[in-house]
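Student: I'm new to this one. Could you take me through one part of it closely, the places where the ligands sit?

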Amino acid sequence: AGKVEFRDVHFSYDPNRKILKGVSFEVPAGKTVAIVGPSGAGKSTISRLLFRFYDVQGGQVLIDGQDVRDVTQDSLRAVLGMVPQDTVLFNDTIAYNIRYGRVGASEEEVRKAAELAQIGPFIEKLPEGYKSMVGERGLKLSGGEKQRVAIARTILKAPPILMLDEATSALDSHTEQEIQAALDLVSKGRTTIVIAHRLSTVISADEIIVLKDGQIAERGTHVELMRKH
Ligand code: ADP
Ligand code: ADP
């Protein structure tokens with residue numbers, strides 16, 4: 001289970017400016033589709049429509065053949081996972097922030113997820129902004145470290161469908177490679193949609209969709225797209 005389909009999707013935030021103009025694609029269960037394209041092309045809008053932060057104004061978004069408008073928020077949240085560009089952490093330990101991915105996970109499972117995401121040494125720490133009654137202050141995490149917390153949370157949640165929005169953008173290239181390996185681990189066998197700026201970061205996707213000005217300009221595997229240019 002976990003097939004995602006966009007069928008002739010139309011969307012605009014503002015009636016005078018169309019953002020998606022008939023976008024259709026399918027992500028078979030367990031496969032990875034990458035959406036690339038310039039800033040402003042409408043990539044994150046696709047993610048917002050899948051999560052139903054907004055509803056389509058034409059066409060349909062389907063999960064396993066069911067229109068997302070007919071699915072409850074709770075079931076939608078249960079099947080979808082997200083590693084966002086910017087992760088906002090709760091005012092509690094990193095372990096708590098990771099466990100949020102699957103409340104009820106054991107300490108061992110939380111530690112394992114933290115290790116895979118390479119945030120293991122931090123799990124007992126509190127994030128910046130935290131100030132306890134005894135005056136203890138939180139730890140300042142870099143953007144990349146926060147992203148690793150989000151990755152650990154997602155590893156723990158193990159959702160059937162995973163949305164990665166420029167998931168490794170805040171990381172330096174060495175860390176990016178290590179995290180990419182952790183993400184590959186979590187996306188293996190799951191339906192995955194990756195939103196990326198550069199073709200070079202999505203070489204292994206089963207299909208790459210190039211979005212330009214709200215429409216699919218090109219599609220194919222990395223090899224096929226490279227041959228054309
Ligand atoms: P991308 O992810 O490809 O950079 P987005 O999907 O975030 O693009 O945005 C597509 C266009 O929609 C952009 O021009 C952006 O400014 C506009 N946009 C995004 N969010 C909103 C919003 N909430 N209200 C109005 N316009 C928006
Ligand atoms: P949960 O693990 O609580 O079910 P999700 O996996 O749906 O939450 O999302 C994780 C975090 O990413 C949440 O804080 C959610 O608000 C945020 N998020 C989810 N989808 C998007 C999106 N399309 N754009 C930006 N942030 C998102």
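Tutor: Sure, and one term helps before we look: a polar contact here is a pair of N or O atoms within 3.5 Å. Keep in mind that this is a predicted model.

Let's begin with ligand 1. An oxygen atom of ligand 1 has a backbone N or O atom of serine 44 at 2.8 Å, and a backbone N or O atom of glycine 42 lies 2.9 Å from an oxygen atom of ligand 1. Threonine 45 joins in through its side chain, with an N or O atom there 2.5 Å from an oxygen atom of the ligand. On its own, ligand 1 has 560 Å² of accessible area, and the protein covers 65% of that. If you step back a little, you'll count 13 residues surrounding ligand 1, and the closest are Arg17, Gly40, Lys43, Ser44 and Thr45. Sorted by class, that shell has 5 nonpolar, 5 polar and 3 charged residues.

Now move over to ligand 2, which sits in the largest pocket. That pocket has a volume of about 970 Å³. Its lining is made up of 35 residues, and Ser47, Phe51, Phe53, Met82 and Pro84 lie nearest the centre. Helix H1 (43-50) is a good landmark: H1 provides the largest share of the lining, 5 residues. Helix H2 (73-79), strand S6 (80-83) and helix H5 (143-157) are also there, each with at least two lining residues. The lining as a whole divides into 14 nonpolar, 13 polar and 8 charged residues.

Zoom in on the ligand itself. The residues around ligand 2 include Ser47, Arg48, Phe51, Phe53, Arg77 and Lys157. H1 and S6 each bring at least two residues to this shell, and S6 gives the most, with 3. By class, the shell splits into 6 nonpolar, 2 polar and 3 charged residues.

As for polar contacts, look for serine 47: an N or O atom in its side chain is 2.6 Å from a nitrogen atom of ligand 2. Arginine 77 places a polar side-chain atom 2.5 Å from an oxygen atom of ligand 2. With methionine 82 the backbone takes part, as a polar atom there is 3.4 Å from an oxygen atom of ligand 2. Taken alone, ligand 2 exposes 540 Å², and the protein buries 73% of that.

Key:
Residues numbered from 1 in each chain as written. Chains lettered and ligands numbered in written order. Predicted model: local features only at pLDDT ≥ 70, side-chain atom pairs only at ≥ 80, totals over all residues. Heavy atoms only, no water. Near = heavy atom within 4 Å. Polar contact = N/O pair within 3.5 Å; in protein donor to acceptor, adjacent residues only side chain to side chain. Areas by Shrake-Rupley, 256 points an atom, 1.4 Å probe, with all protein chains shown as cover. 1 Å grid on protein atoms, 1.4 Å probe; cavity = no way out; pocket = protein on both sides within 12 Å on 5 of 7 lines; lining within 4 Å. Sits in = over half its atoms within 2 Å of the grid points. Helix = DSSP H or I, 4+ residues; strand = E, 2+ residues; numbered from the N terminus. Nonpolar A, V, L, I, M, F, W, Y, C, P; charged D, E, K, R; others polar. Points joined across faces, edges and corners; volume = space filled by probe spheres on them.
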